[in-house]
Amino acid sequence: MSFLTRYEDDASAPTVKDALRDLAVRVLAPGLVLFGVVIGLGKLIVASKAYTDAEEKLVNRSLAAERDSLWNAITNYWSHIGNTEYVIGVCVIVALIVWWRTKQWWYAVVPVIAISLQATIFVIATAIVGRPRPPVPKLDPAPPTSSFPSGHQGASTALYVSFLLMATRIERAWLRWLVMIVCALAPLLVGFSRMYRGMHHASDVAAGAGLGICSALLAWHWIRRGRGRSGS
């Protein structure tokens with residue numbers, strides 16, 4: 001069963017029992033491990049020298065010193081790509097379109113599972129870690145969550161990596177590569193904008209990206225295909 005073609009190689013619908021079992025075993029269980037890794041990394045950063053490391057804060061100060069009206073406007077737009085309402089809205093619209101086109105609800109929910117897992121881990125982790133935001137002027141209102149990990153980065157990465165994997169099924173080569181490139185670039189733009197706007201340290205963005213990628217991969221493999229299914 002190929003990594004990228006698993007939903008094409010086996011397009012059969014799972015039973016409700018199989019779907020719930022696979023969600024628990026293949027997403028929730030490893031999600032607990034991922035949660036532990038994120039918490040451990042965050043606590044390590046806060047407790048170690050990296051927390052007060054001048055080099056990491058220098059990145060934020062350098063970006064803040066180079067701000068101008070043009071880049072303020074550009075990064076404001078890029079930052080919105082990772083906003084909760086944007087991520088949820090785009091996810092729901094794309095999931096519905098994919099469901100309509102493929103008639104495979106278990107495939108269409110991949111991005112929904114990805115952003116849900118990422119959001120759950122992020123909300124709890126950021127409350128536990130409690131890392132202050134960079135010591136530079138902020139261009140955005142600071143949300144009640146702490147700085148680690150970056151929620152904007154995690155959400156956009158989970159969403160667009162899911163879309164990138166789904167885009168491999170697009171038949172027209174030029175359109176397939178165009179969509180894949182856009183999906184790869186979107187989280188990078190979000191990460192840069194969040195640092196530029198003084199909202200996150202570089203390690204916050206890196207952790208958010210890692211969380212988003214892992215969430216997307218777990219979502220992509222959430223349902224067993226082929227021989228792994230019961231009754232096969």
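These legends accompany close-up views of a predicted model.

**View 1. A salt bridge between D10 and R225.**
Welcome to the first of the 8 salt bridges in this structure. Here D10 pairs with R225, and their closest N and O atoms lie 3.7 Å apart. The two partners come from distant parts of the chain, 215 residues apart. D10 sits in the loop between α1 (6–9) and α2 (16–47), while R225 belongs to the segment after α10 (202–220). Is D10 buried or exposed? D10 has a relative accessible area of 8%, so it counts as buried. R225 is buried too, with a relative accessible area of 6%.

**View 2. The salt bridge between D204 and R131.**
In this view, D204 and R131 form a salt bridge, with 2.8 Å between the closest N and O atoms. Once again the pair links distant parts of the chain: D204 lies in helix α10, and R131 lies in the loop between α7 (110–129) and α8 (151–167). Along the chain, the two residues are 73 residues apart. D204 has a relative accessibility of 0% and is therefore buried. R131, at 1% relative accessibility, also counts as buried.

**View 3. A salt-bridge network that includes R21 and D22.**
Which residues are joined into one network by salt bridges that share partners? They are D18, R21, D22 and R224. Within this group, take a look at the side chains of R21 and D22, which meet in a salt bridge at 3.4 Å from N to O. R21 is partly exposed, having a relative accessible area of 29%. D22, in contrast, is buried, with a relative accessible area of 2%. As a reminder for this view, side chains of opposite charge can pair when their charged atoms come close.

**View 4. V190 and its surroundings.**
V190 is part of helix α9 (residues 173–196). This residue counts as buried because its relative accessibility is 0%, and buried means under 20%. What is V190 in contact with, once its neighbours within four places in sequence are left aside? The residues in contact are W78, I81, G82, H152, Q153 and S156. For a backbone landmark, find T157: its C-alpha atom is separated from that of V190 by 8.9 Å. Along the chain, V190 and T157 are 33 residues apart.

**View 5. A nonpolar patch on the surface.**
Five names to look for here are I88, V92, L96, W99 and W105, which together make a nonpolar surface patch of about 480 Å². Which helix gives the largest share of the nonpolar patch? That share, 4 residues, comes from helix α5 (residues 84–102). V92 has its place in helix α5. With a relative accessibility of 42%, V92 counts as partly exposed.

**View 6. Helices α2 and α10 packed together.**
The axes of α2 and α10 are 11 Å apart, and the two helices pack at an angle of about 170 degrees. Why are they called roughly antiparallel? Angles over 145 degrees count as roughly antiparallel, so α2 and α10 fall into that group. On the α2 side, the contact is made by R26, V27, P30, G31, L34, V38 and I45. On the α10 side, S203, L211, C214, S215 and L218 take part.

Definitions and conventions. Residues are numbered from 1 along each chain as its sequence is written. This is a predicted model: local features need pLDDT of at least 70, side-chain atom pairs count only at pLDDT 80 or more; totals for chains, interfaces and linings use all residues. Side-chain values use heavy atoms; hydrogens and water are left out. A salt bridge is a side-chain nitrogen of Lys or Arg within 4 Å of a carboxyl oxygen of Asp or Glu. Buried means under 20% relative accessible area, exposed over 50%, partly exposed in between (1.4 Å probe, protein chains only). Contact means heavy atoms within 4.5 Å. Patches are made of residues with over 30% relative accessible area and no salt bridge: like charges are joined within 9 Å, nonpolar side chains (Val, Leu, Ile, Met, Phe, Trp, Tyr) within 5 Å. Accessible areas come from the Shrake-Rupley method with a 1.4 Å probe; for residues, only the protein chains shown count as cover. Axes are lines fitted to C-alpha atoms, for helices over the stretch in contact, and angles run from 0 to 180 degrees between N-to-C directions. Angles under 35 degrees count as roughly parallel, over 145 as roughly antiparallel, 65 to 115 as roughly perpendicular and the rest as oblique.
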